[in-house]
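Here are my notes on the model, as numbered points. Please read them with the structure open.

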Amino acid sequence: MSTPTGPASGLPVRMPRPRQSGRHRRPEPVVAPEGAAALVLAVPGTPSAASRSLAEEVVSIARSELPGLNAQIGYLDGDGDDTEFPALASVLTQAAAERVARFEQATAAGREVAEPTGPSAVVVPLLAGPDSALIRRIRQAVMESGTQVELTDVLGPHPLLAEALHVRLSEAGLARADRARLFTVATAADGIVLATVGGEEAVQAAGITGMLLAARLAVPVMAAALDVEGSVASIAAQLQGSGSVQLALAPYLVGPEIDAALLEAAAKEAGCATAEPLGAYPAIGKLVLSLYATTLGITPATPQGAQTH
């Protein structure tokens with residue numbers, strides 16, 4: 001039976017955990033500043049239920065890292081003010097109007113809030129690497145919106161993308177999940193074609209992430225452009241000429257930016273198995289948020305380079 005001061009003898013007493021002090025103290029969670037610019041994810045490719053689901057998951061990851069984040073999705077090939085697949089320009093226009101409306105509502109309610117300044121939105125392209133044609137279209141949508149917007153770089157190159165590529169290859173049985181454990185995978189590739197889109201500029205950028213992936217897997221990795229005829233087959237031939245026997249295609253793509261049939265055709269042409277695109281791997285959402293936060297000078301936990309297994 002409980003006593004006035006606590007539970008009966010022999011039962012544990014739950015005491016409040018003392019707050020840590022000094023350098024081991026846990027940092028206070030960072031939240032999005034009131035009135036901050038919206039994060040608008042620019043999604044390329046033909047809108048579909050799959051691309052919407054992927055984009056929503058990426059945005060969900062970003063929101064979990066920065067509570068209070070106003071994150072929205074705009075489609076390069078969206079349809080005006082369509083609620084399911086809104087065009088990027090329309091989303092930007094709406095984000096600017098909503099920001100003004102929130103300020104007016106706050107002042108009307110007697111709250112002292114600073115008048116919003118700076119960009120009304122930060123646009124983050126959902127692209128692993130540079131694609132000049134798609135970036136031009138994003139810039140055009142920004143101009144059409146008539147709003148003050150900041151456009152960030154693409155997601156890569158970054159060590160976290162090398163980690164994501166490693167995971168996708170291991171999921172497909174094309175790479176060992178962890179070199180340190182030294183277990184064998186019969187289907188593991190001894191040469192990787194890193195497939196990207198965006199021509200030579202994209203190939204060069206992918207090559208940086210490719211070096212990080214090569215260090216993780218201890219096998220040669222070479223980048224090729226899916227949108228340049230013969231590029232994938234040529235790189236596959238180079239890898240085979242240098243001694244690689246079992247090749248794998250690793251898509252250096254989030255997913256929506258390319259027709260899946262083009263990826264399948266390239267893998268068939270090169271005669272190798274392929275992993276899945278990066279998709280909504282958690283690092284994608286974290287990198288999206290990092291680009292947004294860096295643009296605005298907000299400091300949530302910045303994604304660090306992944307360690308090599």
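1. In the largest nonpolar core, which has 56 residues, L169, I192, L194 and Y292 touch the most other members. A nonpolar core here is a set of buried Ala, Val, Leu, Ile, Met, Phe, Trp, Tyr and Cys residues joined through side-chain atoms within 4.5 Å. Buried means under 20% relative accessible area, exposed over 50%, and partly exposed in between (1.4 Å probe, protein chains only). Helix α8 (residues 282-296) gives the most to this core, namely 7 residues. A second, separate core of 19 residues has V40, L92, A95 and L134 among its members.

2. This is a predicted model, in which local features need pLDDT of at least 70 and side-chain atom pairs count only at pLDDT 80 or more, while totals for chains, interfaces and linings use all residues. Residues are numbered from 1 along each chain as its sequence is written, and side-chain values use heavy atoms, with hydrogens and water left out.

3. I192 has contacts (heavy atoms within 4.5 Å) beyond its neighbours within four places in sequence; among them are L169, L213, L217, M222 and L239. In strand β6, V221 is the bridge partner of I192, and V221 is also in contact with I192.

4. Helices (H or I, at least four residues) and strands (E, at least two) are DSSP runs numbered from the N terminus. Strands β6-β5-β7-β8, in that order, make an open sheet of 4 strands with parallel pairing; two strands pair if DSSP finds at least two bridges between them. The edge strands are β6 (221-225) and β8 (273-274). Between β5 (residues 191-196) and β6 there are 5 bridges. Helix α5 (residues 199-217) packs on this sheet and touches β5 and β6, at about 155° to the direction of β6. Axes are lines fitted to C-alpha atoms, for helices over the stretch in contact, and angles run from 0 to 180 degrees between N-to-C directions.

5. Q246 sits in the loop between α6 (231-241) and β7 (247-251). Is Q246 buried or exposed? Neither: Q246 counts as partly exposed because its relative accessibility is 34%. The Q246 side chain reaches the backbone oxygen of A188 at 3.2 Å, a polar contact being a pair of N or O atoms within 3.5 Å; within protein, one must be able to donate a hydrogen and the other to accept it, and residues adjacent in sequence count only if both atoms are side-chain atoms.

6. Another open sheet of 4 strands has the order β2-β1-β3-β4, again with parallel pairing. β2 (71-75) and β4 (149-151) each have a single partner strand, so one side of each lacks a neighbour in the sheet.
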